[in-house]
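Trainee: I am new to this structure and would be grateful for a close look at a single part of it. Please choose one helix and explain how it sits within the whole.

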Amino acid sequence: MSYQRIDRISEQVRREVDRIIRDRLSDPRIRGTFSVTRAEVTRDLRYCTVYLSVLGDVNEKELKKGLKSCSGWLRHELG
């Protein structure tokens, strides 16, 4: 697999995770201004790390807690 392919997959994962969080997630802890800035997919496509940027007066701890609690659902939806 080339790095170019991994980069394309990482960008697509970033877009999809952003779309899923914004459109399909209804956890009240996940609100405010934030963006999914980057996703890093490993070469074997087994693992992915997603990075968020939080802006404004968002309670960052609550946002992280909300995302952590729905991480299994997010994985399922992304799959």
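Mentor: The account below begins with the whole protein, turns to helix 1, and then follows its surroundings.

The model is a predicted one. It describes a protein with three helices and two strands, and from the N terminus on these elements run α-β-β-α-α. The C-alpha trace spans about 40 × 25 × 20 Å along its principal axes. The protein has 79 residues, of which 27% count as buried. Among contacts with a separation of 6 or more, 55% are made by residues 24 or more positions apart.

Let us now consider helix 1, which covers residues 3-24. Does its length fit or contradict what is expected of a helix? At 1.5 Å a residue, its 22 residues should span 32 Å, and the end C-alpha atoms are 31 Å apart, which agrees. The buried residues of this helix are I6, S10, V13, R14, V17, D18, I20 and I21. Seen down the helix axis, these buried residues fall within an arc of 165°, so they line one face of helix 1. On the other side of the helix, Q4, R8 and D23 are exposed. A general point helps in reading such a pattern: an α-helix has 3.6 residues a turn, so residues three or four places apart point the same way.

What covers the buried residues of helix 1? The cover includes strand 1 (33-41) and strand 2 (48-55), together with helix 2 (60-69) and helix 3 (71-78).

One of the residues on the buried face, R14, also takes part in a salt bridge. Its partner is E11, and the closest N and O atoms of the pair are 2.8 Å apart. Both residues belong to helix 1 and stand three residues apart, about one turn of the helix. E11 has a relative accessibility of 31%, and therefore counts as partly exposed, whereas R14 is listed among the buried residues.

The bridge between R14 and E11 may be set beside others, for a search of the whole structure finds nine salt bridges. In another of them, the side chains of R29 and D27 meet at 2.9 Å, N to O. Here R29 is partly exposed, with a relative accessible area of 28%, while D27, at 17%, counts as buried because it falls under the 20% limit. A further bridge joins R38 to E40, with the closest N and O atoms 3.1 Å apart. Both of these residues are partly exposed, R38 with a relative accessible area of 40% and E40 with one of 37%. Returning to helix 1, salt bridges that share partners join E11, R14 and R15 into one network.

Helix 1 also contributes to a pocket. The largest pocket holds about 760 Å³ of space. It is lined by 22 residues, of which V17, C48, V50, S71 and L74 lie nearest its centre. The elements that give two or more residues to this lining are helix 1, strand 2, helix 2 and helix 3. V17 thus appears in two places in this account: it is one of the buried residues of helix 1, and it is one of the residues nearest the centre of the largest pocket.

It remains to look at the segments beyond the helix. R31 lies in the loop between helix 1 and strand 1, and at 56% relative accessibility it counts as exposed. Leaving aside its neighbours within four places in sequence, R31 is in contact with V58 and L63. R31 and E60 are 29 residues apart in sequence, and their C-alpha atoms are 10.0 Å apart in space.

The loop between strand 1 and strand 2 contains L45. This residue has a phi near 65°, a positive value in a residue other than glycine. The general rule is that most residues other than glycine have a negative phi. L45 is partly exposed, with a relative accessible area of 39%.

Finally, G79 lies in the segment after helix 3. It is exposed, with a relative accessible area of 92%. The C-alpha atoms of G79 and V58 are separated by 29 Å, although the two residues are 21 residues apart along the chain.

In summary, helix 1 has its buried residues along one face, and strands 1 and 2 and helices 2 and 3 are included in what covers them.

Notes:
Residues are numbered from 1 along each chain as its sequence is written. This is a predicted model: local features need pLDDT of at least 70, side-chain atom pairs count only at pLDDT 80 or more; totals for chains, interfaces and linings use all residues. Side-chain values use heavy atoms; hydrogens and water are left out. A salt bridge is a side-chain nitrogen of Lys or Arg within 4 Å of a carboxyl oxygen of Asp or Glu. Helices (H or I, at least four residues) and strands (E, at least two) are DSSP runs, numbered from the N terminus. Buried means under 20% relative accessible area, exposed over 50%, partly exposed in between (1.4 Å probe, protein chains only). The expected span of a helix is 1.5 Å times one less than its number of residues. The arc is that of the directions from the helix axis to the C-beta atoms. Contact means heavy atoms within 4.5 Å. On a 1 Å grid over the protein atoms alone, a cavity is a set of points where a 1.4 Å probe fits but cannot get out, and a pocket is an open set with protein on both sides within 12 Å along at least five of seven lines; lining residues have an atom within 4 Å of a point. Grid points are joined across faces, edges and corners, and a volume is the space filled by probe spheres set on the points.
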